[in-house]
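Hello,

Please find below the sequence and the structure you asked to see. My notes on what was found follow underneath.

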Amino acid sequence: MVIMAIYLLTLFGSLSFTAAVGNSGFLNNSFQRGFTGVSTQFVSANFLINYTNTESFITAAWEGQIGFTGYIFIASLAALAITWASNLYNYRQAII
């Protein structure tokens, strides 16, 4: 479950990064946009998964080892992911 959440959040991040760079005019064709998006998502997801502090903290929060605060943290991650997905779907960009 934690790995899926990390992949989902890094996917949203890479979509936002690719859209921002594409809007500035650097990525003119679809191959460049696709390559940039996939490589950004792959590198950031692998970094976060291999960086064990991030994964272990999210896992501990999910399993209830942190207590009620951990559940609030997981709920805030879910709210962030839902809001981010909604902004990407409705406005085709991340709203900062």
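**Aromatic pair**

The structure holds 1 aromatic pair. Rings of Phe, Tyr and Trp (its six-membered ring) pair if their centres lie within 6.5 Å; planes under 30 degrees apart count as stacked, over 60 as edge-to-face and the rest as tilted. The rings of Phe-57 and Phe-73 have their centres 5.0 Å apart and their planes at 70°, so this pair is edge-to-face. The pair links distant parts of the chain, with Phe-57 in helix α3, Phe-73 in helix α4 and the two positions 16 residues apart in sequence. Phe-57 has a relative accessible area of 41% and is therefore partly exposed. Phe-73, at 27% relative accessibility, also counts as partly exposed. For these labels, buried means under 20% relative accessible area, exposed over 50%, and partly exposed in between (1.4 Å probe, protein chains only).

**What the model is**

This is a predicted model, in which local features need pLDDT of at least 70 and side-chain atom pairs count only at pLDDT 80 or more, while totals for chains, interfaces and linings use all residues. Residues are numbered from 1 along each chain as its sequence is written, and side-chain values use heavy atoms, with hydrogens and water left out.

**The chain as a whole**

The chain has 4 helices and 0 strands, and its pattern along the sequence is α-α-α-α. Helices (H or I, at least four residues) and strands (E, at least two) are DSSP runs, numbered from the N terminus. Of the 96 residues, 25% count as buried. The chain exposes about 6600 Å², and carbon and sulfur atoms supply 68% of that area; accessible areas come from the Shrake-Rupley method with a 1.4 Å probe, and for residues only the protein chains shown count as cover. Among contacts (heavy atoms within 4.5 Å) between residues at least 6 apart in sequence, 53% join residues at least 24 apart.

**Nonpolar core**

A nonpolar core is a set of buried Ala, Val, Leu, Ile, Met, Phe, Trp, Tyr and Cys residues joined through side-chain atoms within 4.5 Å. The largest one here has 10 residues: Val-2, Ile-6, Leu-9, Phe-12, Ile-58, Ala-61, Ile-74, Leu-77, Ala-81 and Leu-88. At least two residues of this core come from each of α1 (2–23), α3 (52–63) and α4 (68–91). Leu-77 is in contact with Leu-9 and Ile-58, leaving aside its neighbours within four places in sequence.

Ala-61 sits in helix α3 and counts as buried because its relative accessibility is 0%. Not counting residues up to four places away in sequence, Ala-61 touches Ile-66, Gly-70, Tyr-71, Phe-73 and Ile-74. Of these partners, Tyr-71 is 10 residues from Ala-61 in sequence and 6.1 Å from it in space, C-alpha to C-alpha.

**Where α1 meets α4**

The axes of α1 and α4 come within 10 Å and cross at roughly 35°. Such axes are lines fitted to C-alpha atoms, for helices over the stretch in contact, and angles run from 0 to 180 degrees between N-to-C directions. The crossing of α1 and α4 is left-handed, a label used if the near helix is turned anticlockwise from the far one by less than a right angle (right-handed if clockwise). On the α1 side, Leu-8, Leu-9, Phe-12, Gly-13, Leu-15 and Ser-16 meet Leu-77, Ala-81, Trp-84, Ala-85 and Leu-88 of α4.

Ala-81, in helix α4, is buried, with a relative accessible area of 12%. Beyond residues up to four places away in sequence, Ala-81 touches Leu-8, Leu-9 and Phe-12. Ala-81 and Leu-8 are 73 residues apart in sequence, yet 7.8 Å apart in space, C-alpha to C-alpha.

**Positions in α1 and α2**

Tyr-7 lies in helix α1 and is partly exposed, with a relative accessible area of 34%. The C-alpha atoms of Tyr-7 and Asn-46 are separated by 8.9 Å, with these positions 39 residues apart along the chain. Val-43 is found in helix α2 (residues 30–50) and is exposed, at a relative accessible area of 54%. Val-43 and Thr-10 are 33 residues apart along the chain, and their C-alpha atoms are separated by 9.2 Å.

Regards
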